[in-house]
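Biologist: I should like to go through the labels attached to this model and hear the reasoning behind each of them. Please show the structure before we begin.

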Amino acid sequence: MLTRMPLRLAGAGLAGLVTAVLLVAAPAFAGDGTGSVDCSQSTPQNPKPGCDANARSGDHDGTTTGSKAGGQRTGDGKCRNPEGQEIPCERDGAWAGGDGCYYKPVDLSADTIAALGGQPAGEGGWYEKTCYGTGPGDVTTGFGGPVWIAGAPPVVSPQVLARQARARLTLPDVAVRVNPSGDQLVGLPSWLSLDPASWRPQSATASVPGISVTATATPTQAVWSMGNGDSVVCHGPGTPWKSGTDPMAASPDCGYRYPRSSAGAPGGSYTVTVTISWQVTWAGAGQGGTIPGLTTTGAVQVRVAESQTVITH
Amino acid sequence: MMIRPTLTRVTVALIVTAVALAGCRSGGRGTQPTAPASSATPGASASSVGPGDAAVMAYRGLWAAFVEAAKTSDPDAPDIRKYASDNALKLIVGGLVSNREQGKVVKGNLVLNPKATTVSATEATILDCVDATNWLEYKTSGELWDNKPGGKHRTTATVKAVDGTWKVSTFNLEGTGTC
């Protein structure tokens, strides 16, 4: 213990020296490609994800709450910063918040969200936050990287409300049917269909006083993974097979023939997985557009038997 | 897991740091960022090379993945995840999202000259002078983003081995002209 302590201090001293050197880096704006990862451009007001541990211990991790930022528009319809100066309500595709910074909702993939440390629980949204300098010729800090704003949105715009409305959409469970019922037979047509309730447009609305936006999800296609490596793409819910239909007749819009039995598959059956893609559009405040879509999935186990097996019955 | 510092390690680290700092100031020899030679395993394998080399390979691998992803501002490029974790991953993925949202891409050549300054069995520190003079921001329409010149950036990184795979976990790049 006595011999280790001074050595540990020596190590800490080296680390401290290195840290001190890092902190005196002058904020500079690069025209090269490093600007987006330059932590000297990260500030407590305009944090970049991933810079918190590198730079200052006092920084939070890029998660902020929108509570103090809401209500950016004053009674006269103008946007003002906290000092009361009038600022543009929209800049570079982003909207002014009550803190004088600008927010643009961003749509992130699941991979991106995972890389950013996962999506925090509860209501909120991902935004690009930009805080501009106020003086003439002040260098702006640029877009800081996506941040999660918990709670109410920091700004009110139809585009932001559209994301809120989308988050409120409840899409139906996927009820899968493969007919004729019972075992499917090798070489005979299987009719693939979805319960009509699985394939119906859904809407949800988000509003603040004066603006209301409705997001609508519309199913566009169903990808059927047949469990044997084959896939079938259908642009509708398919047609349910009715008893009395010729067993040799194929589905008019969504069908498949299994070339081999499922005897060799795990458990003796195939897992058929259906993924429905939903297009999401929004409309409100005289505007509208398309935002990233959603998917729903369902699965069912299907046994596929050789026809001879049945003939011997 | 606590790593017990020894006198030898601290001394060596100080010497290596001094050498690396000198190398950084003089610009050093330029090398292109290239993916590690062992492409079979993600990250850099610790078994075949020493930890310092493995850490430098992971660091170079990350830059190669970043340069490739920055051509199209693709935050979901799988190679970035092979060579980065934690805050380094957040920073680079977040930066690529920002670029994408602004309609910005990065093209050109980047020159690296990384040195491992402190090395243990599972963690290493890298010091580099990243020369981005010719790695510039462009609008997706094809014109240069602005008329500001690129430059050299002092960069430090922490590289950690988890289950034998080295990944960059923190990444601190400083402003133009810092080395």
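Biologist: Why does A285(A) count as partly exposed?

Modeller: The model is a predicted one. A285(A) has 16 C-beta neighbours inside 10 Å. A residue is buried at 20 or more and exposed at 12 or fewer. The count for A285(A) lies in between, so this residue is called partly exposed.

Biologist: What makes the backbone of A285(A) noteworthy, and where is A285(A) found?

Modeller: Its phi is positive, at about 55°, although A285(A) is not a glycine. The residue is found in the loop between β16 and β17 of chain A.

Biologist: Which value does phi take in S73(B)?

Modeller: S73(B), a residue other than glycine, has a positive phi near 50°. S73(B) is found in the loop between α2 (51-70) and α3 (78-83) of chain B.

Biologist: Is S73(B) buried or exposed, and how do you know?

Modeller: Within 10 Å of S73(B) there are 21 other C-beta atoms. The label buried requires 20 or more. S73(B) meets that cut-off and is therefore buried.

Biologist: Why is helix α3 of chain A called mostly covered?

Modeller: This helix spans residues 158-167, and 7 of its 10 residues are buried. The buried residues are V160(A), L161(A), A162(A), R163(A), Q164(A), A165(A) and R166(A).

Biologist: What do the buried residues of α3(A) pack against?

Modeller: They pack against strands of chain A, namely β6 (102-105), β7 (124-130), β12 (202-208), β13 (211-225), β16 (270-284) and β17 (287-302). In chain A as a whole, the secondary structure comes to 4 helices and 18 strands, and buried residues make up 35% of the 313 residues.

Biologist: What share of the contacts in chain A with a separation of 6 or more joins residues 24 or more positions apart?

Modeller: Such residues account for 63% of those contacts.

Biologist: What makes strand β3 of chain B mostly covered?

Modeller: The strand comprises residues 115-119, and 5 of its 5 residues are buried.

Biologist: How do you know that β3(B) and β4(B) pair, and in which direction do they run?

Modeller: Pairing requires at least two bridges. Here 4 bridges join β3(B) to β4 (residues 123-139) of chain B. The requirement is met, so the two strands pair, and they run antiparallel. As one of the bridge partners, V119(B) is matched with A124(B) in β4(B). A hairpin of 3 residues joins β3(B) to β4(B).

How values were computed
Residues are numbered from 1 along each chain as its sequence is written. Chains are lettered from A and ligands numbered from 1 in the order in which they are written. This is a predicted model: local features need pLDDT of at least 70, side-chain atom pairs count only at pLDDT 80 or more; totals for chains, interfaces and linings use all residues. Two residues are in contact if their C-beta atoms, placed from the backbone, lie within 7 Å.
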